Amino acid sequence: MKNVIVIIDGKEIEALAGTTILEAAKTAGIKIPSLCYMNIPEIGFKNDCASCRICVVEVVGRKNLVPACATPVSPGMIINTNTMEVLEKRRNVLELMLSNHPTDCLICAKNGKCDLQTLAMEFGIRDIRFKGKIFEYRREVSPSIVRDLDKCIMCRRCENMCNNIQKCQVLSAVNRGFKSVVSTAFESDLDKTNCTFCGQCVAVCPVGALYEKDYTWGLIKDIANPRKRVTVQVAPAVRVAIGEEFGYEPGTDVTGKLVTALKKLGFDDVFDTDYAADLTIMEEAAEFKQRLEKHLSGDKSVKLPILTSCCPAWVNFIEHHYPDMLDIPSSA
Ligand code: SF4
Ligand code: SF4
Ligand code: SF4
Ligand code: FES
């Protein structure tokens, strides 16, 4: 693809044709705020439905402001990202969102790591000018996921993740207008649907509308109870993944530190799912290889792909590496 030259905030920038204004600005170190937009190229996830309009910018010659996350650059484009009109429109968008949003920050699961809260702070919003009806939705608490859709900003990230990456087809927008929300078919509880509780919708939700159920306080009480023997067994991936939470380079093995920390926290026994996990992986790989070989040799009766409780992200892997395999009967 050819490169194009555009001017953003007076700065000449070379960008790949087809790139969005948001991405082009980012490569030049110009920050445009975003909320609904999310791009994780490593797994082929892109949410660019442009539903929130927080990223609006001015393109010289165009009558209306445009969403930077969904507008591709074109040769000679002159873009202004921080005119007074742009800032006012963004602020209005935020105020309107907040006018239909609970002010629960202090007790919200996303407090301190919420994109909406961060933007409200960045824009210095201290008062909500627009008063009106507040949308209320029943709160659903499953064993692992809480859906508190009063806080949903309709960014559609969860829906995109569930349907296009996880391929579970559980979530979609329901209702109209003010009552629109991302929910399940017939608005059933998650455990009455195909939900695998993979948690990927939770991982991409920018606000506190979806969050994991927290058992921490109950655990603290159990550890403090001298009449209870409390054991912990860690899944293999955690040994590496938790390091990132403490600032280690992704991929750093912190097994020793993890065990020490768990003992210091008061767990009586710490088990590592090492050997059993290795066996599971080997068995699953062997079974998958066997099925794949049969399938490739023309035996279309073989059931594909293999389903494993380890990670539902397998669909994405197959899509990227063996796209032909997705052409399988739905009963498989
Ligand atoms: S979702 Fe964000 S803005 Fe809303 S209550 Fe929670 S922390 Fe506050
Ligand atoms: S937990 Fe996974 S399967 Fe369930 S709704 Fe969320 S993304 Fe879909
Ligand atoms: S639940 Fe969260 S991720 Fe889903 S649309 Fe609402 S705000 Fe976005
Ligand atoms: S981030 Fe661009 S419209 Fe939401």
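**Notebook: a buried serine, three ligands and a core**

Started with Ser 142. Leaving out anything up to four places away in sequence, I find Ser 142 touching Phe 197 and Lys 213. This is a predicted model, so I keep that in mind for everything below. Ser 142 sits in the loop that runs between strand S8 (140-141) and S9. Its relative accessible area is 4%, so I put Ser 142 down as buried. I also checked where the side chain goes: it reaches the backbone oxygen of Ile 145 at 2.8 Å.

**Ligand 2**

Both Ile 145 and Phe 197 turn up again around ligand 2. The rest of that shell is Cys 162, Cys 168, Val 170, Leu 171, Cys 195, Thr 196, Cys 198, Gly 199 and Cys 201. I sorted the shell by class and got nine nonpolar residues, two polar ones and no charged ones.

**Helix H4**

Cys 162 from that shell is also one of the buried residues of H4, so I looked at the helix next. H4 covers residues 157-165 and is mostly covered, with eight of its nine residues buried. Besides Cys 162, I noted Arg 157, Cys 158, Glu 159, Asn 160, Met 161, Asn 163 and Ile 165 as buried. Charged side chains are in that list too, including Arg 157 and Glu 159. After H4 comes Lys 167, and its phi is positive, near 60°.

**Arg 156**

Where is Arg 156 placed? I found it in the loop between strand S9 (145-147) and H4. Relative accessibility is 29%, so Arg 156 counts as partly exposed. Its phi is positive as well, about 70°, although Arg 156 is not a glycine. Worth a reminder to myself: most residues other than glycine have a negative phi.

I then listed what Arg 156 contacts, ignoring neighbours within four places in sequence: Asn 47, Cys 49, Ala 173 and Val 182. Its side chain also makes a polar contact of 2.5 Å with the side chain of Glu 159. Val 181 is 25 residues away from Arg 156 along the chain, yet I read 9.1 Å between their C-alpha atoms.

**Ligands 3 and 1**

Arg 156 and Val 182 are both in the shell of ligand 3. I wrote down the others: Cys 152, Ile 153, Met 154, Cys 155, Cys 158, Cys 205, Pro 206, Val 207, Ala 209 and Leu 210. By class that gives 11 nonpolar residues, no polar ones and one charged one.

Val 207 is also listed around ligand 1. There I have it with His 101, Pro 102, Asp 104, Cys 105, Cys 108, Asn 111, Cys 114, Gln 117, Lys 151 and Gly 208. The class count for ligand 1 is five nonpolar, four polar and two charged.

**The cores**

Which residues touch the most other members of the largest nonpolar core? Leu 35 and Leu 116 do, in a core of 36 residues. I traced what feeds this core: helix H2 (84-99), helix H3 (115-122), H4, strand S11 (181-183) and helix H5 (200-204) each supply at least two residues. H2 gives the most, four residues. At least three residues come from each of domain 1 (3-82) and domain 2 (97-212).

I followed Leu 35 outward, again not counting residues up to four places away in sequence. Leu 35 touches Cys 52, Ile 54, Met 97, Asp 115, Leu 116, Leu 119, Ile 153, Arg 157 and Pro 206. Apart from this core there is another one, of 23 residues, and its members include Ile 8, Ile 13, Tyr 37 and Ala 50.

**Ala 50**

Ala 50 got its own look. It lies in the loop between strand S4 (45-47) and strand S5 (56-59). At 8% relative accessibility, under the 20% limit, Ala 50 counts as buried. Its phi is near 55°, one more positive value in a residue other than glycine.

**Domains**

Last, the layout. The domain assignment splits the chain into domain 1 (3-82), domain 2 (97-212), domain 3 (217-272) and domain 4 (291-326). Taken over C-alpha atoms, I get 30 Å between the centres of domain 2 and domain 3.

Note on methods: Residues numbered from 1 in each chain as written. Chains lettered and ligands numbered in written order. Predicted model: local features only at pLDDT ≥ 70, side-chain atom pairs only at ≥ 80, totals over all residues. Heavy atoms only, no water. Domains from an automatic or database assignment. Near = heavy atom within 4 Å. Buried < 20%, exposed > 50% of the residue type's maximum accessible area, 1.4 Å probe, protein only. Core = buried A, V, L, I, M, F, W, Y, C linked by side-chain atoms within 4.5 Å. Contact = heavy atoms within 4.5 Å. Polar contact = N/O pair within 3.5 Å; in protein donor to acceptor, adjacent residues only side chain to side chain.
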